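Hello,

Here is the structure I said I would pass on. Please open it first, then read the notes underneath with the model in view.

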Amino acid sequence: MTDRAVSVTPPNGPLGHDTRVTDEQAEFWSTVANRYDRVVDLQIGGETRSMVRERVAREGDLGRLVEFGCGTGFYTELLARRADSLVATDISPGMLDVAKQRVNAPNVTFRAEDCQRTSLPDGAFDTAFVSLVLHFTVPDRTVAEMHRILRPGGTLIVVNLDPQALNCVTRVRSLTRIIYQGVVGYRIKPPKGLGRNVMTEAQLRQLLDGSGFRVDSAETIRDSSRSSNIPVQYVRAAKM
């Protein structure tokens, strides 16, 4: 759907990290990179990501910023205007290739990273931006990694997809649309379990609270042109 995890098989690495799953996802997103923007907007709501971008535009100084799941660079150029420096990362080399062609900001560095286990140093960033990514990961691993790389008092911004906020009928319609548009638009079978770890706002708050963050604000953003368009939460939290 958007930017990247799933069920994890036998442990492999310091966090029980399954590199096979990571490699499968990287290959999938690289294959669909040139079709991603059109498909994801059809899946979740035509204006949803643009509305999120409008919210990003109201951010103040983000300092040393890292973006995870930068994808095709949809938010990257705008984020760069709010940052002293920006490390824009994605698990997919194909996505990064598209982003590099689109983004011209001089303060941006691109690199391949898995947000569940990065090569970034401890406490290196003032802000981390994670948009439409968490449900493609093992969320507690991702949040723990965000805590590690942020300085004390640093800000984590999470844009969280929340289909559970819809009522039963509209949720079924939205999930049907996601599957249909993914099949028609991508024309490739996704890795098994992709997008399995969807979290409600309450679950996300609980995870952040239990992982050394304080939730400072949460806003719901939704394209209301269709009842089955999926809400997202724009959550800002501080590292305690």
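A good place to begin is helix α5, which covers residues 93-102. Its buried residues are Gly94, Met95, Leu96, Val98 and Ala99. Among the elements that cover them are helices α1 (19-31) and α2 (36-44), together with strands β2 and β3 (108-112). Please keep in mind that this is a predicted model.

Strand β2 runs over residues 83-90, and Val87 lies in it. Is Val87 buried or exposed? Its relative accessibility is 15%, and the cut-off for buried is under 20%, so Val87 counts as buried. Which residues does Val87 contact, once neighbours within four places in sequence are left aside? They are Leu65, Val66, Glu67, Thr109, Arg111 and Phe125. Thr76 is eleven residues from Val87 along the chain, and the C-alpha atoms of the two are 9.4 Å apart.

Next, look at helix α7, which is made of 19 residues, 168-186. From first C-alpha to last, α7 reaches 27 Å, close to the 27 Å expected at 1.5 Å a residue. The buried residues in α7 are Thr170, Ser174, Arg177, Ile178, Gln181, Gly182, Gly185 and Tyr186. Why do they line one face of the helix? Viewed down the axis of α7, the buried residues fall within an arc of 125°, so they sit on one face. On the other side of α7, Cys168, Val169, Ile179, Tyr180 and Val183 are exposed. The cover over the buried residues of α7 includes α1 and α2, and these two helices are also among the elements that cover α5.

Both ends of α7 are worth a look. At its start, a side-chain oxygen of Asn167 comes to within 3.2 Å of the backbone nitrogen of Val169. Just after α7, Arg187 has a positive phi of about 55°.

Last, the nonpolar cores. The largest one has 43 residues. Which residues have the most contacts inside it? They are Trp29, Val52, Leu79, Val108, Phe110, Phe129 and Tyr234. Leaving out residues up to four places away in sequence, Tyr234 touches a list of residues that includes Val52, Phe129, Ile157, Val158, Val159 and Ile221. Polar residues are on that list too, among them Arg55, Glu59, Ser217 and Glu219. A second, separate core has 25 residues, including Phe68, Phe125, Ala128 and Leu208. Phe125 is also one of the contacts of Val87.

Regards

Terms used. Residues numbered from 1 in each chain as written. Predicted model: local features only at pLDDT ≥ 70, side-chain atom pairs only at ≥ 80, totals over all residues. Heavy atoms only, no water. Helix = DSSP H or I, 4+ residues; strand = E, 2+ residues; numbered from the N terminus. Buried < 20%, exposed > 50% of the residue type's maximum accessible area, 1.4 Å probe, protein only. Contact = heavy atoms within 4.5 Å. Expected span 1.5 Å × (residues − 1). Arc of directions from axis to C-beta. Polar contact = N/O pair within 3.5 Å; in protein donor to acceptor, adjacent residues only side chain to side chain. Core = buried A, V, L, I, M, F, W, Y, C linked by side-chain atoms within 4.5 Å.
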